[in-house]
Amino acid sequence: MEYSLKVAPGSVKCFDGLGEGAHWDAEKEELLYVDLTGQAVFLYVPKSKECYRLQIDDGWVPAVVPVRGEAQKYLISIGRTLNVMEWDGMSERAATLKTVHTVDQDAPTINWLNDGKCDSSGRFWTGTIGPYSFETGKADPNLGTLYCLGNDGKLTGNRRIVFDFEANNTAGFPDGMTTDSDGNLWISMFSGEGVIKVDPKVGKQIGCVKIPTKRATCPTFGGKNLEILYVTTAGAFMPTEKASDIGPDAGALFQVENIGVKGCSQGGVSYAGNNSLHDFVAKSE
């Protein structure tokens, strides 16, 4: 059976923004995603087809994940800072927002955080990107840093190559990714065809889901049985672009069904370092 694809009913498009950071909250059966350049967080409820928008004034917003054990607390990236946010999921403004880390302060360029997700242990992984060219759509890959926010609230980083787009003649640039129950990676191809499925053990592509816009940014598995692949996309976020140039569905949240695999059993993982965040916030007050 072939997979089916459509725009998620009731979701909000990022027409002139950059949809990113898809995260499925399995406990609440809700999807979080962001508009990076539009400085907004969205909470999408598939059951009711409602979508709530939170405005952030302090900078670009690349990622947001819930904090485990705290119903209204989130870890959110803004610019090059990691922050703790309290939000009821419906209001247009957060109740509180406090910075716990600022990264790349000694970098020779003004870097900013990009996408981020938690691993199965609840550690938050994220990376920075160097100055971005809106003319070319590229940034210097040698200027970024990979970070891991551990459950103890401390930042470290390490990395290795799992799949090389250039070596495998894969179109586009690697963007957000997620993992299925078989341990395979699903990687968005920005400026490519959609989302590729990669076996990280051998570093080879073994599947592809085509998205009707070359702006796929971040996938995640969701739905009651984790059988739906949600994919965020970017709109006309570059100053020289118009929405009509990149297609009517650019910036939309897509849902893909019948792909023959499920997400990991726990769904999207929340950040597990709640106690350490309490300590950091207390020290900053």
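This is a chat about a predicted model of a protein chain and its strands, ring pairs and cores.

Colleague: Before anything else, what is the average pLDDT of the chain?

Modeller: The model is predicted, and the protein chain averages a pLDDT of 88. At least 70 is reached by 93% of the residues.

Colleague: Where does pLDDT stay under 50?

Modeller: Over residues 279-285. The model has 8 contacts beyond four places in sequence for that stretch.

Colleague: OK, sheets. What is the strand order in the open sheet that includes β10?

Modeller: The order is β10-β11-β14-β15, 4 strands with antiparallel pairing. The edge strands, each pairing on one side only, are β10 (112-118) and β15 (155-156).

Colleague: How many bridges are there between β10 and β11?

Modeller: There are 5, in the antiparallel sense. Gly116 has Thr126 in β11 as its bridge partner. The hairpin of these two strands has 5 residues between them, and Gly122 there takes a positive phi near 85°.

Colleague: And on the other side, what holds β11 to β14?

Modeller: Strand β11 (residues 124-129) pairs with strand β14 (residues 146-149) over 4 bridges, again antiparallel. Trp125 has Cys148 as its bridge partner in β14, and Phe124 stands opposite Leu149.

Colleague: How many of the residues of β11 are buried?

Modeller: 5 of the 6 are buried, so β11 is largely enclosed by the rest of the structure.

Colleague: Which residues of the largest nonpolar core touch the most other members?

Modeller: That core has 15 residues, and the ones in question are Val65, Leu75, Leu82, Cys118, Phe124, Leu149 and Tyr271. Two or more residues each come from β6 (63-66), β8 (81-86), β10 and β14.

Colleague: Take Leu82. What is Leu82 in contact with, leaving aside neighbours within four places in sequence?

Modeller: Phe124 and Leu149 are among the contacts of Leu82. The others are Ile76, Ser77, Lys98, Thr99, Val100, His101, Leu113 and Leu155.

Colleague: What about the second core?

Modeller: That one is separate and has 14 residues, including Val41, Leu43, Leu54 and Val61.

Colleague: Different topic: aromatics. How many aromatic pairs are there?

Modeller: The count comes to 8. One of them is Tyr44 with Tyr230, edge-to-face, at 6.5 Å centre to centre and 75° between the planes.

Colleague: Why would that pair be worth a look, in terms of sequence?

Modeller: Tyr44 lies in strand β4 (residues 40-45) and Tyr230 in strand β21 (residues 228-233), so the pair ties together parts that are 186 residues apart in sequence.

Colleague: Are those two tyrosines buried or exposed?

Modeller: Both Tyr44 and Tyr230 are buried. Ring pairs also link them with Trp24 into a cluster.

Colleague: And Trp186 with Phe221, what is the geometry?

Modeller: The ring centres of Trp186 and Phe221 are 5.9 Å apart and the planes stand at 85°, so this pair is edge-to-face. Trp186 is in strand β17 and Phe221 in strand β20, and the pair links these distant parts of the chain, 35 residues apart.

Colleague: What is the relative accessibility of Phe221?

Modeller: Phe221 is at 3%, which counts as buried. Trp186 is buried too, with a relative accessible area of 3%.

Colleague: You mentioned β17. Which open sheet has that strand?

Modeller: The one with the order β16-β17-β18-β19, 4 strands paired antiparallel. Its edge strands are β16 (173-179) and β19 (204-210), each pairing on one side only. From one strand to the next, the twist averages 30°.

Colleague: How many bridges join β17 and β18?

Modeller: Strand β17 (residues 185-190) and strand β18 (residues 194-199) pair over 4 bridges, antiparallel. Ile187 has Ile196 in β18 as its bridge partner.

Colleague: Last one, Thr220. Where does Thr220 lie, and is Thr220 buried or exposed?

Modeller: Thr220 lies in strand β20 (residues 216-222). With a relative accessible area of 5%, Thr220 is buried.

Colleague: What is Thr220 in contact with, beyond four places in sequence?

Modeller: Trp24 and Tyr230 are among the contacts of Thr220. The list also has Ala22, His23, Leu31, Lys117, Thr178, Ile228 and Leu229.

Key
Residues numbered from 1 in each chain as written. Predicted model: local features only at pLDDT ≥ 70, side-chain atom pairs only at ≥ 80, totals over all residues. Heavy atoms only, no water. Pairing = 2+ DSSP bridges. Axes fitted to C-alpha atoms, helices over the stretch in contact; angles between N-to-C directions. Buried < 20%, exposed > 50% of the residue type's maximum accessible area, 1.4 Å probe, protein only. Contact = heavy atoms within 4.5 Å. Phe/Tyr/Trp six-rings, centres within 6.5 Å; stacked < 30°, edge-to-face > 60°. pLDDT = per-residue confidence, 0-100. Core = buried A, V, L, I, M, F, W, Y, C linked by side-chain atoms within 4.5 Å.
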